[in-house]
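Student: I am new to this structure and would like a close look at a single part of it. Could you take me through one helix and then show me the setting it belongs to?

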Amino acid sequence: MTVLQEPVQAAVWQALNHYAYLDAVFLAERLYAEVHSEEALYLLATCYYRSGKAYKAYRLLKAHSCSTPQVRFLLAKCCVELSKLAEGEQVLIGGVLNKQKSQDDIVMEFGDSASFTLSLLGHIYCKTDRVAKGAECFQRSLTLNPFLWSPFQSLCHLGEKLDPDQVFRLSSVALPPPSVSPAQNSSHRLDTALMETPQDTLELNRLNLESSNGKLTSDLSVSYIDSSLISPETGSLLANTVSMATAGSLLVKQNKPKSGRSLLGGPAALSPLTPSFGILPLEPSPGDPTYLQNYSTTMETQSTAPNKKSVSRISQSKSVFSQSGNSRDVLPIPFNQTQTSAPHTSGSPQVLSTSMSGPPNVQPRRSSRLFTSASSTAKENSKKLKMKFPTKIPNRKTKCKSAKTSNSSNLNESLDILRLDSSLSLPDTKIPQYQRAAADSVMALLRELGRGYQALCSYNCREAISVLSSLPPQHYNTGWVLTHVGRAYFELAEYTQAERVFSEVRQMESYRVEGMEIYSTTLWHLQKDVALSALSKDLTDMDKNCPQSWCVAGNCFSLQREHDIAIKFFQRAIQVDPSFAYAYTLLGHEFVLTEELDRALACFRNAIRVNNRHYNAWYGLGMIYYKQEKFNLAEIHFKKALSINPQSSVLLCHIGVVQHALKKSEAALETLNRAIRIDPKNPLCKFHRASILFANDKYKAALQELEELKQIVPKESLVYFLIGKVYKKLGQTHLALMNFSWAMDLDPKGANNQIKEAIDKRYLPEDEDGDSQDSSVMTDADDTQLHTAESDDVL
Amino acid sequence: MATPSKTPPGANPKQLERTGTVREIGSQAVWSLSSCKPGFGVDQLRDDNLETYWQSDGSQPHLVNIQFRRRTTVKMLCIYADYKSDESYTPSKISVRVGNNFHNLQEVRSLEMVEPSGWIHISLMNQRTNEPISTFMIQIAVLANHQNGRDTHMRQIKVYTPVEESSIGKFPRCTTVDFMMYRTIR
């Protein structure tokens with residue numbers, strides 16, 4: 001039923017590729033009016049969805065029967081976006097009345113897009129409280145398509161223990177087949193391109209060698225993997241791995257433009273080389289990879305010490321690709337897979353230079369990168385290639401030299417999707433092997449990232465930091481990685497480190513909002529109000545529709561003690577995204593600060609409803625019960641938080657104090673010891689330990705602890721206050737009074753009643769001293785400054 | 001302070017709030033007035049705007065009643081009065097009473113102001129125990145105005161409660177950032 005040459009469809013896809021949604025929608029509507037076929041319906045719905053109007057696509061598809069899997073997938077996607085989860089589920093697996101399909105059915109039915117379907121289904125299950133089924137779906141989706149990150153991420157969030165090594169593995173799965181790219185429909189054909197690979201390759205090889213050999217000392221070889229993975233709208237990208245080859249030959253295959261491939265061409269219409277164009281032929285990814293990717297890699301033949309040890313593993317398959325201008329069908333480039341030889345293992349990372357005319361990079365947020373203009377013919381491509389090489393060569397040259405020492409500086413950081421073409425049965429048998437190796441390298445990167453991410457989600461922060469830090473610099477210095485490193489430091493309560501890392505993220509990717517709420521909390525802890533208000537202003541100007549920027553704004557005002565305004569902003573964050581658990585938690589904390597404990601309780605409970613593993617919310621509940629003196633409940637909630645995040649010394653400290661309040665002093669001391677072992681830098685643990693020792697009449701030990709604490713935090717008035725109390729108990733009133741006066745001096749604004757009380761209490765052997773201390777209590781700073789001066793002398 | 005010298009203005013309460021030692025809790029209370037001119041009532045008294053004011057419209061003493069839902073500790077009151085703008089409407093003698101209800105009020109503070117020109121801080125600490133007063137209701141009575149004016153203007157009133165921010169353990173607040181960082185998980 002697919003017509004080979006469908007100029008209207010081609011035009012629509014071209015418009016979509018150029019983000020001209022108005023044009024695309026208009027044409028698609030005319031086409032649909034004319035033809036009324038299911039493909040035309042799908043095309044129209046896709047146009048609506050991509051232009052951001054999911055509701056239009058939804059209503060359109062609802063009104064007509066959907067039988068083909070891709071239409072049902074799109075409909076389910078619209079349903080989920082509009083929060084109609086039950087309907088989405090029904091669309092995917094059949095309703096209550098029909099027999100519900102199992103995962104295997106889905107796999108069979110959806111074929112190539114089964115992984116995405118299962119991912120979507122998993123998402124639906126998780127949102128509707130069927131976490132076990134959701135986890136299953138995610139697992140299945142990952143086995144089908146290990147290039148997907150979002151199921152892995154969701155599984156980590158659910159607390160599932162995955163083994164990234166097992167997950168990100170291609171062995172059991174054939175390399176994803178190329179998917180039909182809409183681009184192909186318009187003017188190029190993937191399969192023809194593939195078929196041409198050998199000849200073109202040779203030509204290009206020659207081409208390349210001519211241009212490059214004369215100029216470079218080291219060869220470049222670029223391999224390019226064409227992964228026909230459908231990139232879903234979520235834009236899961238595949239890291240490309242390009243292994244460098246020693247004997248480089250830049251093999252670029254160009255697709256001859258072919259017009260008139262039908263969009264929804266079924267497999268039958270396709271060449272045997274590209275068998276399964278898949279259920280979702282209109283999915284973008286093939287388009288993306290089909291961009292001609294020219295890249296040059298400089299390869300150091302000499303073994304250069306890798307910057308990082310693990311680079312050797314990954315670097316060999318790292319490549320940076322740049323898209324060439326309009327090159328459409330990207331060609332799988334066989335490359336010399338001699339990378340396994342020394343240069344690679346030496347970890348010489350590839351340095352790729354972007355091709356000069358880099359069109360926008362690949363990561364398609366939406367699958368709109370399908371086509372490049374139809375005008376790019378093979379000839380043009382080759383012309384471009386030729387043009388590109390010379391221009392690149394100087395780059396390469398310079399890179400050669402510098403690349404030896406530092407790859408990262410030269411590395412272009414764009415990783416494009418590579419098309420993986422497993423079905424190529426080219427005479428050159430090395431090609432699939434190379435591609436396979438390249439894909440394996442991607443997997444290696446994903447494994448590392450997966451390990452780091454999983455460690456972070458189970459709060460093994462040290463391990464997460466070490467795993468992520470061992471990534472090669474070009475990957476380490478990206479927003480995502482650094483954000484998670486920053487978060488790991490945050491969870492360890494090393495706020496200064498976290499702040500440093502996050503400020504790097506801000507410099508690097510000022511458009512990044514994910515993780516900024518953690519940054520704002522870090523600044524809140526460090527009480528850096530200037531930085532926090534700058535961050536808040538920047539983010540709220542940039543994006544008013546994301547919850548993170550409103551959380552940052554709320555934190556900013558909370559630091560300024562304007563709790564009502566902070567509450568307003570946190571509520572706004574919740575409005576913008578009701579599934580953002582942290583906003584509820586922050587709102588709860590604000591309510592605690594304004595003493596509205598009931599509303600705070602409700603907020604924390606909401607946070608837990610959204611995300612069961614949000615340990616901050618459990619902590620918040622514990623705090624409220626502690627304030628209400630329901631110590632048992634407090635302990636239970638703190639312990640629950642601890643079970644999620646076992647390495648938090650602050651939590652342990654709180655549990656210790658609660659246990660002490662419950663009169664379980666032994667257990668309290670034990671807990672505090674544990675806390676100090678985990679994080680020796682936490683002064684509060686020592687302080688509370690000292691206070692428990694004091695309460696148990698172990699004055700000497702308490703004093704010793706406090707003396708140590710004095711060294712660590714010399715300006716903390718509480719320390720002197722407690723020392724004073726200990727001395728008072730020991731009967732050394734003179735020392736006690738001295739410490740109390742120090743404590744008061746260090747706390748000019750507080751005029752803490754407790755300190756004053758401690759001084760006033762009962763009898764003092766020298767009443768004059770007592771009186772003089774009394775009268776010096778003032779809220780004005782001026783007088784205390786005098787005392788401060790005095791006590792400085794004393795000190 | 002019944003001295004002929006003018007009453008000096010106190011610090012802006014906003015700054016006090018920023019120290020984190022006190023918190024404004026007027027929003028938790030029900031406010032009522034003994035009398036007011038239309039358009040110059042409770043809203044103008046509580047709107048955070050020093051240009052708008054409450055103008056009474058009856059016989060002295062003029063009363064501002066602040067009733068809380070539950071027994072609340074109150075540390076201080078801040079009243080903004082400005083002789084230059086209000087002249088004979090400026091209160092000169094104020095009495096603060098607390099209690100459980102209207103029939104149970106007892107005077108705790110009384111002060112006289114002479115040509116005030118800003119915020120007046122009235123500390124509501126129990127003289128003997130040096131603790132803030134804990135009460136259901138506060139009544140501010142204006143007993144006399146400058147130049148024997150009949151009605152009074154009051155521009156703003158704020159009520160402050162002490163903040164016990166010790167998050168854990170019965171200790172006073174910590175003073176250094178190092179301690180405060182570890183005090184709580186947010």
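**A helix and its surroundings**

Tutor: In this predicted model, a good place to begin is the end of helix H35(A), which is followed by Gly731(A), a residue whose phi is positive, near 90°. The helix itself has 14 residues, and at 1.5 Å a residue these should span 20 Å, which agrees with the 20 Å that separates its end C-alpha atoms. Of those 14 residues, 10 are buried, so H35(A) is largely enclosed by the rest of the structure. The buried residues begin with a run made up of Ser717(A), Leu718(A), Val719(A), Tyr720(A), Phe721(A), Leu722(A), Ile723(A) and Gly724(A), and they also include Val726(A) and Tyr727(A).

To place this helix in its chain, it helps to know that chain A holds 39 helices and 2 strands, and that 60% of its 795 residues count as buried. Among the contacts in chain A with a separation of 6 or more, 73% are made by residues that lie 24 or more positions apart.

The surroundings also include a second chain, for 58 residues of chain A are in contact with 34 residues of chain B. Between them the two chains bury about 4,100 Å², and 58% of that area is on carbon and sulfur atoms. There are 15 residue pairs in polar contact between chain A and chain B, counting pairs with both residues at pLDDT 80 or more. Helix H35 (717-730) is one of the elements that give two or more residues to the side of chain A that touches chain B, and others among them are helix H25 (547-559) and helix H27 (581-593). By class, that side of chain A has 26 nonpolar, 19 polar and 13 charged residues.

The count of salt bridges between chain A and chain B is 1, and it joins Glu590(A) to Arg186(B), with the closest N and O atoms 3.0 Å apart. Arg186(B) is also touched by Asn555(A), a residue found in helix H25 of chain A. Within chain A, and leaving aside residues up to four places away in sequence, Asn555(A) touches Glu517(A), Ser520(A), Thr521(A), Trp524(A), Leu532(A), Phe570(A) and Leu586(A). Because its relative accessibility is 0%, Asn555(A) counts as buried.

How values were computed
Residues are numbered from 1 along each chain as its sequence is written. Chains are lettered from A and ligands numbered from 1 in the order in which they are written. This is a predicted model: local features need pLDDT of at least 70, side-chain atom pairs count only at pLDDT 80 or more; totals for chains, interfaces and linings use all residues. Side-chain values use heavy atoms; hydrogens and water are left out. Contact means heavy atoms within 4.5 Å. Buried area is the accessible area (1.4 Å probe) that two parts lose on being put together, summed over both. A salt bridge is a side-chain nitrogen of Lys or Arg within 4 Å of a carboxyl oxygen of Asp or Glu. A polar contact is a pair of N or O atoms within 3.5 Å; within protein, one must be able to donate a hydrogen and the other to accept it, and residues adjacent in sequence count only if both atoms are side-chain atoms. Helices (H or I, at least four residues) and strands (E, at least two) are DSSP runs, numbered from the N terminus. Ala, Val, Leu, Ile, Met, Phe, Trp, Tyr, Cys and Pro count as nonpolar, Asp, Glu, Lys and Arg as charged, and the others, Gly among them, as polar. The expected span of a helix is 1.5 Å times one less than its number of residues. Buried means under 20% relative accessible area, exposed over 50%, partly exposed in between (1.4 Å probe, protein chains only).
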